[in-house]
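Work through these exercises with the sequence and the model side by side. Try each task before you read its solution.

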Amino acid sequence: MTTLTFEHVSKYFDRSDGTEIRRIAAVDNVSLKVASGDVLAILGPSGCGKSTLLRLAAGIFKPDSGRVIYDDQDLQDVPLRERGVGMVFQEGALVPHWVTRRSVGFFLELRQRESEMPERLAQISRITGFGLDVLLERRPGNLSGGEQQRVSIARALSRDMRVLLFDEPFANLDAKYRTEARVELKRLLNAFPVTSIYVTHDQIEAIALSHRIAVMRDGKLEQVGTYPQLYSNPVNIFVATFIGTPIMNLFPGHVENGCWHGENFGGYPIRNDLPDGTKVTAGIRPEYIHLASDGTYGVVEQAVPYFAERHQVITVHLAGERWSFVVPLHETIEVGSTIRCALDPAGLLFFDSKTGQRIG
Ligand SMILES: Nc1ncnc2c1ncn2[C@@H]1O[C@H](COP(=O)(O)OP(=O)(O)OP(=O)(O)O)[C@@H](O)[C@H]1O
Ligand SMILES: [Mg+2]
């Protein structure tokens, strides 16, 4: 198996805004290690550099600076045929006029190892839990979106792999198939001794499939960790609000006499080395807010039911602020009604309002 390392990797593109051309860093000084056999998920908003990072990992792009390393060898020095990269693209990217048998068999065909093909197909079917037989003689145009993705995954698995890269492979599939596909892929990643990077927009998918999650913004790596680490210990407001639904509540405020004061509420102790007047934003996750008979009065603005989770997300206008939190579905909450709620100060996180960095 292969350990995949990014060492201060940057990749620039020229972008024209009509009058002048600017260089933008699509990937900006990223250092990261994916241990042999691990699955790393990459999360981040559109345009933050996820696909570019994946293409750098595959060797499709060469870094403008820094190095991508497989075990202890610079990827640029690994001959193409020894790289062993399987990649599943967002759009499937199957050759339109090739039947499945050709797409999946191409790697072995190229190496004149067609005789291994039946065994390889059987192995892929066994591991993925889907029969490829019925798809073998069909072209991509005659396959559904889900079937095309299965063929893409089978194609990625058909080579002698060291590294398996996925670029939002299920983004275009409907919710039901996504869940099935996720289970199949989990089984596959368990069965194949391979190092993997998985790009997704979907936190649930990231949690289900990966050991660790990397959050990117504007080409930079913001934080890497397990989901619980990112959730409870975000390094900044960006990660804090990107991870977790419903989103963390944020309240602007400042420091006075060792306590945090918001515009409408406050008095919570904060670390004592911050000068009075320091602008600090307090964050609190929805689970630290609850209905309380002795709590503060607020007016319900919105109540959105989530039937599968058996809860509703309610938004309350309270003392000049807007609060969102989660209430069991069986509680009757009318929009426009007055309710009382309280927060548990143990859940407060503090951020420097200027830089967004976590400070407590
Ligand atoms: N070939 C290219 N030429 C010029 N700019 C590019 C090229 N590929 C990507 N970019 C730019 O680099 C940045 C990162 O793009 P990238 O495709 O890596 O983002 P992404 O995180 O994968 O986004 P999405 O979630 O929408 O797929 C974007 O600003 C994009 O416009
Ligand atoms: Mg992308």
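Two strands pair if DSSP finds at least two bridges between them. Keep that rule at hand for the first exercise. The model is predicted.

**Exercise 1. Pairing strands**

Task: Find which residue of S5 stands opposite Tyr-70, and how many bridges join S4 and S5.

Solution:
- Step 1. Locate strand S5, residues 73-74.
- Step 2. Look across from Tyr-70: Gln-73 in S5 stands opposite.
- Step 3. Count the bridges. S4 and S5 pair over two bridges, in the antiparallel sense.
- Step 4. Look at the turn. Two residues lie between the strands of this hairpin, and Asp-71 has a positive phi near 55 degrees.
- Step 5. Turn to the other partner, S1. Strand S4 (residues 65-70) runs antiparallel to S1, with five bridges. Thr-5 faces Ile-69 in S4.

**Exercise 2. Unusual backbone angles**

Task: Decide whether His-8 is buried or exposed. Do likewise for Asn-29: is it buried or partly exposed?

Solution:
- Step 1. Recall the usual case. Most residues other than glycine have a negative phi, and most peptide bonds are trans.
- Step 2. Check His-8. Its phi is positive, about 45 degrees, although it is not a glycine. His-8 sits in strand S1.
- Step 3. Apply the cut-off: 12 or fewer C-beta neighbours within 10 Å means exposed. His-8 has 12 inside 10 Å, so it counts as exposed.
- Step 4. Check Asn-29 in strand S2. Its phi is positive too, near 55 degrees.
- Step 5. Asn-29 counts as partly exposed because it has 15 C-beta neighbours inside 10 Å.
- Step 6. Now find a cis peptide bond. One joins Thr-245 and Pro-246, with omega about -10 degrees. Pro-246 lies in the loop between helix H9 (237-242) and strand S11 (249-256).

**Exercise 3. Around the ligand**

Task: Work out which element gives the largest share of the shell around ligand 1.

Solution:
- Step 1. List the shell: Phe-13, Arg-15, Ile-24, Ala-26, Gly-44, Ser-46, Gly-47, Cys-48, Gly-49, Lys-50, Ser-51 and Thr-52.
- Step 2. Find the elements that give two or more residues. These are strand S1 (4-16), strand S2 (21-34) and helix H1 (50-58).
- Step 3. Pick the top contributor. H1 gives the largest share, three residues.
- Step 4. Sort the shell by type: four nonpolar, six polar and two charged.
- Step 5. Follow H1 further. Its buried residues are Lys-50, Thr-52, Leu-53, Leu-54, Leu-56 and Ala-57. After H1 comes Gly-59, with a positive phi near 85 degrees.

**Exercise 4. Core and domains**

Task: Identify the residues that touch the most other members of the largest nonpolar core.

Solution:
- Step 1. Take the 81 residues of this core.
- Step 2. Name the residues with the most touches: Ala-41, Ile-42, Ala-57, Leu-165, Ile-197 and Val-215.
- Step 3. Ask where the core comes from. Domain 1 (4-242) and domain 2 (249-352) each supply at least three residues.
- Step 4. Zoom in on Leu-165. Leaving aside neighbours within four places in sequence, Leu-165 contacts Leu-54, Ala-57, Ala-58, Val-85, Met-87 and Ile-197.
- Step 5. Step back to the domains. Their centres, taken over C-alpha atoms, are 39 Å apart.
- Step 6. Finish with the whole chain. Nine helices and 19 strands make up its secondary structure. Of its 360 residues, 34% are buried.

Key:
Residues numbered from 1 in each chain as written. Chains lettered and ligands numbered in written order. Predicted model: local features only at pLDDT ≥ 70, side-chain atom pairs only at ≥ 80, totals over all residues. Core = buried A, V, L, I, M, F, W, Y, C linked by C-beta atoms within 7 Å. Buried ≥ 20, exposed ≤ 12 C-beta atoms within 10 Å, placed from the backbone. Domains from an automatic or database assignment. Contact = placed C-beta atoms within 7 Å. Near = placed C-beta within 6 Å. Helix = DSSP H or I, 4+ residues; strand = E, 2+ residues; numbered from the N terminus. Nonpolar A, V, L, I, M, F, W, Y, C, P; charged D, E, K, R; others polar.
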